[in-house]
Amino acid sequence: MPNKVFINRRDFIKTISTAGTGLVIGFYLPFKNNLQAAESKSTIEFIPNIWVSVNPDNQVTLTVSESEMGQGVWTSLPMIIAEEMELDWTKVKVVQAPVDEYYFGRFDMGTGGSASVRTSWEKLRNAGAVAKDMLLEAAASEWSVAKNECNADSGYITHQPTGKKLSYGELTRKAASIEIPESVKLKDPNEFRIIGTDLPRTDTPLKVNGTAQYAMDVDLPDMVYAFIERCPYFGGKIKAVDDRDARNVNGVLDIFEIETGIAVVGLSTWAALQGRKNLRITWDKGSNKYPDSGSIYKFFKNRSKKRGAKGRSDGNVKRALKNADTVVDAVYEVPFQAHATMEPMNCVVDYRSDHCQVWAPTQSPKDAQKRVGKMTGFPIDKVKINVTFLGGGFGRRAFNDFVDEGVEVSMYMKKPVKLIWTREDDMQHDFYRPASRHVLKAGLMKDGQTIAWSHSVVAPSILFGQMFKYPIPFKDKLDVVALAGAKEVAYEIPNINVDYKSANTNIPVGWWRSVYDSQNAYANECFVDELAQTLNVDPVQYRLQLLKKSPRHTKVLQLSAKEAGWGKDIEKDHYQGVSCHASFGTYVAQVAEVSVDNEGVVHVHRVVCAVDCGQPVSPTTIKAQMEGSIVYGLSATLNGEITIENGAVKQSNFHEFEVLRMDQMPKIDVHIINSSEAPSGVGEPGLPPIAPAVTNAVFAATGIRVRKLPIKPENLRS
Amino acid sequence: MASFLIYINGEKRQVKVDGNTPLLWVLRDNLKLTGTKYGCGRGLCGACTVHIDGEAKRSCITAIENVAGSDITTIEGLSKDGNHPVQKAWVAEDVPQCGYCQSGQIMTAVALLSRNPDPDEDDINSAMKMNICRCGTYNRIRKGIIKAAKEMKNA
Ligand code: FES
Ligand code: FES
């Protein structure tokens, strides 16, 4: 297979351009822009970056290989190409890339980590610039003039001296025969006319008239419908199944066991659901060391007394704490969280004797392809994964467990199958945001200095947990991912310890929007507020003092404070809290304005958010992602949590797992720092600061420190 | 199985299903109108909202036998070219993110505006709190409703 990755660029152009009528450019821009070296080696750095295709009728099609899950990659990524290629945005059509090595390379990890713009920036700019260069070359040769007399603008090449003009469409044939240039010049950011502007999202029209296609909407001839009854008890299994009544349900076709449970297949969604309802299954609950949330938190507490694996160790914390005038300590706890994407897990699988096609809302299409290949025994080129729109992702869809199930059922039925998870399935069989416990200690001096900081993170490991299906024994193994945001604490303190204490249970855990940054920032930013309180310093001032060497933190913190009117008069009974955290290369500060009523209910009225994500590509998308992250984080701060009872998840649907709704929605003002640094992620960094901003505001309002999420009104009643 | 006559988006349609089948699955499986979404199946999220005789209803908890003869409108039937003022306002405000909840949001918003052309903040809250958006597009939805209300008044 290694050889398949590499395609000689000339052959590639030739093949494609004779196959179609237009100009199709496939790029193999190696990371270091060194074609020569890469051509002679076999080719791990060679990942094809993008496809641009221009039709003779001036239709420009830009392909996106990241999954569109609401974060706007169908807009922000094509904008980058359009900028360098000088396209007319109204003529751009966006399509989803097929899942193959040309687009994804061999080691693609999928869409996540707020990485899409961050990692595509350079290669997409190059891709656009190369395309433009070839079109310029084509026009120059058409007119027999010098290339530098030609100019590209809004889909046309103009010959400046004569005013001759050809559209990109008219140049496709010629351009297809031009060799890909080895190097191109990128635009000066001062000349950007697309990047940094608010263009309409390309997927919006489809999403307001019901035509956007999610996997759930795929319909194949002869398709049947399947649901799986899974064991609700983690670590449990099936003891006995009585499916007689279920089989008698009108429209039920078959019932059989698959790896994850009992599959019920019917002629319609409703028939399969009714069949499933009539199953009688006895479960073996298995043995479970930690069958409820209480025992899990107790386990965390015990673990926190053990030695941890060092993630960061500056100076000598032990000694500093001994010398400190005051030692402050606090423990914070956060619960498991479900993703609850609006579209529950589902997929459509069409397994045939010699190939298999899948429609899936997946963040990891390459992984899906590999798994399907393994399950079916088909070579990769006989496995086609169609990435549909995702009805939310938030990290859940990095896992392809639902694809496995669909394949198993389709193979058994020898028919196309639509596999649907109910909301209950989705909520009870998630890969949850890990619950965690955070033990913090700091040493303060009378003169206001902060001399020591220590943070122990006790949490299940995603990396060394179920993800790779090998349990790591509970010993001190460092999972740096679990320390994200804890290890990088930006405050300038001479003695810092950060350690990790693994605490795996059998609750499946996974990536949840902003991952461990969500828990670690909560602990950091609440604690820093507690230190300011102890020292009797304003929380913004205190942070600024400790961030003197962190200009990007400082800037967002100052901006959010200024825009929120920090320290100024605000509405009666309203109180403010602040927080500041960097994740995924992006710096965010937030000021939350809250009130707490007599029942102890927290009302968040307004959130001011300042963000520095480098060069802003699509400001409206950045704002939308900040708003979305704040809402997602507020749900986990004010409303829902996942608890474990009797070895199973207690919550089953939105009446028990409450999420933020319109009537709880604060005003949100997002302010974007104008920066020319390379762009960084925006899908997640807006989330970590919101919980501490709110709990710090709750402290300002009530004098009560919230050290356990979500906030419970009964703890705040006056 | 029984036969039911329903009026969907102005068309008369006959379907043969069990009488207790939720309208949602009749729309999606039988009539291939997939713009209406499944989100919870229990009337909790609003993703499945359609209009039944002009009112916003949760199709996931509405049995087909109870709506036989009713006038039903889904997102597909709201306008010819996606040009209902609410849809236009949604485009102008760039409301959708993942988009999965948006058919339901739009149908609820349209029903709100048809009975209350000038909703204030509380009216919007109480109508729209039936619809969950996990992507957090609420403020843009709010702006969209206000914009559409204006346009509808001027029309
Ligand atoms: S699917 Fe009907 S209200 Fe949620
Ligand atoms: S836009 Fe994704 S759930 Fe509303």
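Between which two elements of chain A does the loop that holds Ser144(A) lie? The loop runs between α6 (116–143) and β5 (150–153) of chain A, and it is a good place to start a tour of this predicted model.

**View 1. Ser144(A), a serine with a positive phi.** Welcome to the loop between α6 (116–143) and β5 (150–153) of chain A, where Ser144(A) is found. Most residues other than glycine have a negative phi. Ser144(A) is not a glycine, yet its phi is positive, at about 50°. Its relative accessibility is 66%, so Ser144(A) counts as exposed, the cut-off being over 50%.

**View 2. Ala340(A), a positive phi in a buried alanine****.** Here we move to the loop between β14 (326–334) and β15 (346–351) of chain A, which holds Ala340(A). Phi of Ala340(A) is near 45°, again a positive value in a residue other than glycine. Is Ala340(A) buried or exposed? With 1% relative accessibility, Ala340(A) counts as buried because the value falls under 20%. Do look at this view beside the previous one: Ser144(A) counts as exposed, whereas Ala340(A) counts as buried.

**View 3. The cis peptide bond between Leu709(A) and Pro710(A)****.** Most peptide bonds are trans. The bond that joins Leu709(A) and Pro710(A) is cis, with omega at about -10°. To find your way along the chain, look for Pro710(A) in the segment after α20 (690–702) of chain A.

**View 4. The two domains of chain B****.** Now for a change of chain. The domain assignment divides chain B into domain 1 (2–77) and domain 2 (85–154). Their C-alpha centres lie 21 Å apart. Domain 1 of chain B brings 15 residues to the contact, and domain 2 of chain B brings 12 residues.

**View 5. A closer look at the interface between domain 1 and domain 2 of chain B****.** The size of an interface is often given as the accessible area lost when the parts come together. For these two domains of chain B, about 1,200 Å² is buried between them, with 58% of it on carbon and sulfur atoms. How many salt bridges does the rule find across the interface of domain 1 of chain B and domain 2 of chain B? The count is 0, while 5 residue pairs are found in polar contact. On the side of domain 1 of chain B that touches domain 2 of chain B, β3 (49–52) and β4 (55–58) of chain B each supply at least two residues. The residues of that side comprise 6 nonpolar, 7 polar and 2 charged.

Note on methods. Residues are numbered from 1 along each chain as its sequence is written. Chains are lettered from A and ligands numbered from 1 in the order in which they are written. This is a predicted model: local features need pLDDT of at least 70, side-chain atom pairs count only at pLDDT 80 or more; totals for chains, interfaces and linings use all residues. Side-chain values use heavy atoms; hydrogens and water are left out. Domain bounds come from an automatic or database domain assignment. Contact means heavy atoms within 4.5 Å. Buried area is the accessible area (1.4 Å probe) that two parts lose on being put together, summed over both. A salt bridge is a side-chain nitrogen of Lys or Arg within 4 Å of a carboxyl oxygen of Asp or Glu. A polar contact is a pair of N or O atoms within 3.5 Å; within protein, one must be able to donate a hydrogen and the other to accept it, and residues adjacent in sequence count only if both atoms are side-chain atoms. Helices (H or I, at least four residues) and strands (E, at least two) are DSSP runs, numbered from the N terminus. Ala, Val, Leu, Ile, Met, Phe, Trp, Tyr, Cys and Pro count as nonpolar, Asp, Glu, Lys and Arg as charged, and the others, Gly among them, as polar. Buried means under 20% relative accessible area, exposed over 50%, partly exposed in between (1.4 Å probe, protein chains only).
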